[in-house]
Amino acid sequence: MIEVTYYREHNRLTVTGHAKSDEYGKDLVCAAASALALTMAANVGQMASKGYVLDPVTKLEEGHAEISCNPRTRYRASVKQVFVSVCVGFEILASQWPEYISYSVRGW
């Protein structure tokens, strides 16, 4: 199972595990979760290159992703919106395939 956790107050997302909804290379749940994690990492990278965030972390490994950043004060709302938007995708996946992916939110 893939476990996704969004830590709101830290602008941090973790994705761990494997869906195993089909054989390797045909697992659509895994592909969708990977695409969302890659999208989040790309967004954090772009925000970092523009100076909107500090301390970007984009660890992407097989079966594990950790993505986080510290927004500069004037970009807090924009950074939060990026995290929320991508996390909506994880929430949809978890509601459609709860046996393969879970999604939880921590913090206020």
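A residue is called buried when its relative accessible area is under 20%. With that cut-off in mind, I would like to begin at Ser 68, where the relative accessibility is 11%, so this residue counts as buried. Please bear in mind throughout that the model before you is predicted.

Where does Ser 68 sit in the chain? Its place is in strand β4, which spans residues 64-71. Beyond its neighbours within four places in sequence, Ser 68 is in contact with His 10, Asn 11, Arg 12, Val 44, Asp 55, Pro 56, Val 57 and Phe 83. Several of these residues will return in what follows.

Let me turn to the strand itself. Of the 8 residues in β4, 6 are buried, and the strand is thus described as mostly covered. As a general point, side chains in a regular strand alternate between the two faces of the sheet.

Which strands pair with β4? One is β2, residues 12-16, which pairs with β4 in the antiparallel sense over 5 bridges. Within that pairing, Thr 16 stands opposite His 64. Another is β3, residues 53-61, which also runs antiparallel to β4 and is joined to it by 7 bridges. Here Glu 61 is the residue that stands opposite His 64. His 64 of β4 therefore appears in both pairings, facing Thr 16 and Glu 61.The hairpin of β3 and β4 has 2 residues between the strands, and in it Gly 63 takes a positive phi near 80°.

I now move along β3, to two of the residues that contact Ser 68. Asp 55 is found in this strand. Although Asp 55 is not a glycine, it has a positive phi of about 50°. Is Asp 55 buried or exposed? Its relative accessibility is 53%, so Asp 55 counts as exposed.

Pro 56 also lies in strand β3. With a relative accessible area of 42%, Pro 56 is partly exposed. Leaving out residues up to four places away in sequence, Pro 56 touches Val 44, Ala 48, Ser 68 and Cys 69. For Pro 56 and Val 44, the separation in sequence is 12 residues, while their C-alpha atoms are 6.7 Å apart in space.

A second positive phi in a residue other than glycine is found at Lys 20, where the angle is near 55°. Lys 20 lies in the loop between β2 and α1, the latter covering residues 28-49. At 66% relative accessibility, Lys 20 counts as exposed.

Next, the charged pairs. How many salt bridges does the structure hold? There are 2 salt bridges. In one of them, the side chains of Arg 12 and Glu 66 meet, at 3.5 Å from N to O. This pair links distant parts of the chain, with Arg 12 in strand β2 and Glu 66 in strand β4, 54 residues apart. The partners fall into separate classes of exposure: Arg 12 is partly exposed at 26% relative accessibility, whereas Glu 66 is buried at 17%. Arg 12 is also one of the residues in contact with Ser 68.

Lys 26 forms a salt bridge with Glu 23, and the closest N and O atoms there are 4.0 Å apart. Glu 23 counts as partly exposed, at 48% relative accessibility.

I come to the cysteines, which may be of interest at the bench. In general terms, a disulfide is a covalent bond between the sulfur atoms of two cysteines. How many disulfides are counted in this model? The count comes to 0. The cut-off is a pair of cysteine sulfur atoms within 2.5 Å. Why does Cys 30 form no such bond? The closest cysteine sulfur, in Cys 87, is 17 Å from the sulfur of Cys 30, and that is too far for a bond. For Cys 69, the closest cysteine sulfur is likewise in Cys 87, at 12 Å, again too far for a bond.

As to their surroundings, Cys 30 is partly exposed at 23% relative accessibility, whereas Cys 69 is buried, with a relative accessible area of 1%. Cys 69 is also among the residues that Pro 56 touches.

Finally, the surface. Val 84, Val 88 and Ile 92 form a nonpolar patch there, and together they have about 220 Å² of accessible area. Val 84 is found in helix α2, residues 76-96. At 34% relative accessibility, Val 84 counts as partly exposed.

To close, I return to the starting point. Ser 68 is buried at 11% relative accessibility, and its strand, β4, pairs antiparallel with β2 over 5 bridges and with β3 over 7 bridges. Asp 55 and Pro 56 are among the contacts of Ser 68, and Glu 66, in the salt bridge with Arg 12, belongs to strand β4.

Methods:
Residues numbered from 1 in each chain as written. Predicted model: local features only at pLDDT ≥ 70, side-chain atom pairs only at ≥ 80, totals over all residues. Heavy atoms only, no water. Helix = DSSP H or I, 4+ residues; strand = E, 2+ residues; numbered from the N terminus. Buried < 20%, exposed > 50% of the residue type's maximum accessible area, 1.4 Å probe, protein only. Contact = heavy atoms within 4.5 Å. Pairing = 2+ DSSP bridges. Patch = residues over 30% accessible without salt bridge, like charges linked within 9 Å, V, L, I, M, F, W, Y side chains within 5 Å. Areas by Shrake-Rupley, 256 points an atom, 1.4 Å probe, with all protein chains shown as cover.
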